[in-house]
Structures are given as C-alpha cells and as structure tokens.
Amino acid sequence: MSDQIGKQYKTRGKHPKLCTVIDVHTTYNKDGEIVKTRYVSEHDFLGQKVIDKDVGLTTILMNEVTQ
C-alpha cells in the first residue's frame, strides 16, 4: 500500500490538477481487519498546497502520470 506514496496523478474534469500522494490512512475494525484504505494527496492552487484526505486507489491508478 505504501508503494503509492510519491505517485502522481491528474484529477478528472475540465481543468485537471496534478496531484501527488503523500500519505496513507488505513481503518481497522475491532478484530484488527482492514476495513478501508484511503490516500492523502496534495496539489498546488494559486501558490498554496491543497490537501485531499479521501482519495481512492482506483482514482490514482486510472489517472496515473507516467514519467
């Protein structure tokens, strides 16, 4: 899961933004099983960093930027 950190992807829509994955949030239930995994990404907007804390793996893989 942590192999996604540092990957870049573009958002969908009319004006795509270049985002970078910076962290992984994993949720466990009381039995220790993984319930949900979400990624944290950031992008620049008018010189400021904007953070999105609810990015799914599918979004990253579908829109991955290859270098």
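Is Leu 46 buried or exposed? Select Leu 46 to begin: with a relative accessible area of 76% it is exposed, where exposed means over 50% relative accessible area, buried under 20%, and partly exposed in between (1.4 Å probe, protein chains only).

Before going further, note that this is a predicted model, in which local features need pLDDT of at least 70 and side-chain atom pairs count only at pLDDT 80 or more, while totals for chains, interfaces and linings use all residues. Residues are numbered from 1 along each chain as its sequence is written, and side-chain values use heavy atoms, with hydrogens and water left out.

**Stop 1: the loop at Leu 46**

Staying with Leu 46, colour the strands on either side, since this residue sits in the loop between strand 3 (34–45) and strand 4 (48–55); strands here are DSSP runs of E with at least two residues, numbered from the N terminus. Strand 3 and strand 4 make a hairpin with two residues between the strands, and within that hairpin Leu 46 has a positive phi near 55 degrees. Now add Phe 45 and Val 50 to the selection, because together with Leu 46 they form a nonpolar surface patch with about 330 Å² of accessible area, the areas coming from the Shrake-Rupley method with a 1.4 Å probe and, for residues, with only the protein chains shown counting as cover. A patch of this kind is made of residues with over 30% relative accessible area and no salt bridge, nonpolar side chains (Val, Leu, Ile, Met, Phe, Trp, Tyr) being joined within 5 Å and like charges within 9 Å.

**Stop 2: the charged network**

Next select Lys 49, which is exposed at 53% relative accessibility, and show its side chain together with those of Glu 42 and Asp 44. A salt bridge is counted where a side-chain nitrogen of Lys or Arg lies within 4 Å of a carboxyl oxygen of Asp or Glu. Lys 49 meets Glu 42 in such a bridge at 3.9 Å, N to O, and it forms another with Asp 44, where the closest N and O atoms are 3.3 Å apart. Of the two acidic partners, Glu 42 is partly exposed at 22% relative accessibility, whereas Asp 44 is exposed at 52%. Through shared partners, these salt bridges join Glu 42, Asp 44 and Lys 49 into one network.

**Stop 3: the other hairpin**

Move to the turn between strand 2 (residues 18–28) and strand 3, which form a hairpin with five residues between them, and pick out Gly 32 in that turn, where phi is positive at about 85 degrees. Lys 30 and Asp 31 form a salt bridge with their closest N and O atoms 4.0 Å apart; Lys 30 is exposed at 80% relative accessibility, and Asp 31 is exposed at 56%. By the rule given above, the count of salt bridges comes to five.

**Stop 4: the strand pairing**

Display the backbone and follow the strands, bearing in mind that two strands pair if DSSP finds at least two bridges between them. Strand 1 and strand 2 run antiparallel and are joined by three bridges, with Gln 8 partnered by Thr 20 in strand 2. Strand 2 and strand 3 pair in the antiparallel sense over eight bridges; among the partners in strand 3 are Lys 36 for Thr 27 and Ile 34 for Tyr 28. Strand 3 and strand 4 are also antiparallel, with six bridges, and here Tyr 39 stands opposite Val 55 in strand 4.

**Stop 5: the nonpolar core**

Which residues form the largest nonpolar core? Select Tyr 9, Cys 19, Val 21, Val 24, Tyr 39, Val 55 and Ile 60, the seven residues that make it up; a nonpolar core is a set of buried Ala, Val, Leu, Ile, Met, Phe, Trp, Tyr and Cys residues joined through side-chain atoms within 4.5 Å. Strand 2 supplies the largest share of this core, three residues.

Centre on Ile 60 and show its contacts (heavy atoms within 4.5 Å): leaving aside neighbours within four places in sequence, Ile 60 touches Gln 4, Tyr 9, Val 21, Tyr 39 and Val 55. Gln 4, in the segment before strand 1 (8–10), is buried at 7% relative accessibility.

**Last stop: Lys 53**

Finish at Lys 53 in strand 4, which is exposed at 58% relative accessibility. Not counting residues up to four places away in sequence, Lys 53 touches Arg 38, Tyr 39 and Val 40. A distance label between the C-alpha atoms of Lys 53 and Val 21, 32 residues apart along the chain, should read 9.8 Å.

Definitions and conventions:
Helices (H or I, at least four residues) and strands (E, at least two) are DSSP runs, numbered from the N terminus.
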